[in-house]
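Thanks, everyone, for making the time this morning. Please take a moment with the sequence and the model before I start talking through it.

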Amino acid sequence: MGGVSTVDRAERDRAERVPKQDRSRATRQRLLEAAVACLAEHGWAGSTVSVVAERAGVSRGAAQHHFPTREDLFTAAVEYVAEERSTALRALFPEGAAGDRHAVVAALVDLYTGPLFRAALHLWVAASDEDQLRPRVTELEARVGRETHRIAVDLLAADESVPGVRETVQGLLDMARGLGLANLLTDDSARRERVVEQWAGLLEQALGGVRD
């Protein structure tokens with residue numbers, strides 16, 4: 001009987017722990033999402049732990065339980081932003097782009113004009129002055145940059161063995177980033193549509209036929 005009672009207790013304790021762990025993960029997720037949103041809206045200076053905690057609907061104490069310092073919180077937010085951007089990239093065309101390079105260009109540009117890019121930009125600016133953030137931001141941005149380039153090559157059906165093709169794809173990504181910067185100050189959608197149209201045409205000429 002004693003053995004059964006011990007097992008029962010262990011099972012009951014485990015059942016009690018799982019919801020607590022779920023709640024803890026949910027709180028952490030809310031804090032990270034709130035940190036990204038605060039960065040996008042208020043920048044580094046306006047994104048304190050208290051502001052993030054209030055936005056996430058948790059106490060400052062709960063926030064500090066997960067992230068003891070501001071640097072801990074936003075270092076985690078750096079990784080969260082990187083993961084979300086990578087996820088968004090992979091989800092662009094789950095069935096492939098079917099040779100529609102105009103759609104690929106438009107989708108890539110949209111990624112650089114959305115809230116994740118805005119938050120990432122604020123992290124870049126903060127990292128330029130924050131020694132604890134800089135190495136992490138640099139590392140993750142390099143990873144996201146490599147993945148973005150690889151996904152763009154696949155979606156565009158670009159053959160990088162052809163001289164100049166790699167630079168053409170990178171030029172597209174640099175252009176998309178520039179449009180994202182321009183969109184921070186004003187609604188640049190009308191000009192952006194014309195640029196997307198032009199770039200799609202240039203890519204068709206530069207990349208040639210779609211690979212099998």
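What you have in front of you is a predicted model, and the secondary structure of its protein chain comes to nine helices and zero strands. Of the 212 residues in the chain, 38% count as buried, and among the contacts between residues at least 6 apart in sequence, 68% join residues at least 24 apart.

I would like to spend my time on helix H7, which covers residues 134–156. At 1.5 Å a residue, the 23 residues of H7 should span 33 Å, and because the C-alpha atoms at the ends of the helix are 32 Å apart, the expectation and the model agree. Directly after H7 comes alanine 157, which has a positive phi, near 55°.

Which residues of H7 are buried? They are Val137, Leu140, Val144, Glu147, Thr148, His149, Ile151, Ala152, Val153, Leu155 and Leu156, and what covers them includes helices H4, H5, H6, H8 and H9.

Let me take one of those neighbours, H6, in more detail. The axes of H6 and H7 come within 8 Å and cross at roughly 140°, and the two helices are therefore oblique to each other, with H6 passing H7 in a left-handed crossing. At this contact, Ala120, Leu123, Trp124, Ala127, Ser128 and Asp129 in H6 meet Arg134, Val137 and Glu141 in H7; sorted by class, that makes five nonpolar, one polar and three charged residues. Val137, then, is a residue that is buried and that also takes part in the contact with H6.

Technical notes: Residues numbered from 1 in each chain as written. Predicted model: local features only at pLDDT ≥ 70, side-chain atom pairs only at ≥ 80, totals over all residues. Heavy atoms only, no water. Helix = DSSP H or I, 4+ residues; strand = E, 2+ residues; numbered from the N terminus. Expected span 1.5 Å × (residues − 1). Buried < 20%, exposed > 50% of the residue type's maximum accessible area, 1.4 Å probe, protein only. Contact = heavy atoms within 4.5 Å. Axes fitted to C-alpha atoms, helices over the stretch in contact; angles between N-to-C directions. Parallel < 35°, antiparallel > 145°, perpendicular 65-115°, else oblique. Left-handed = near helix turned anticlockwise from the far one by under 90°. Nonpolar A, V, L, I, M, F, W, Y, C, P; charged D, E, K, R; others polar.
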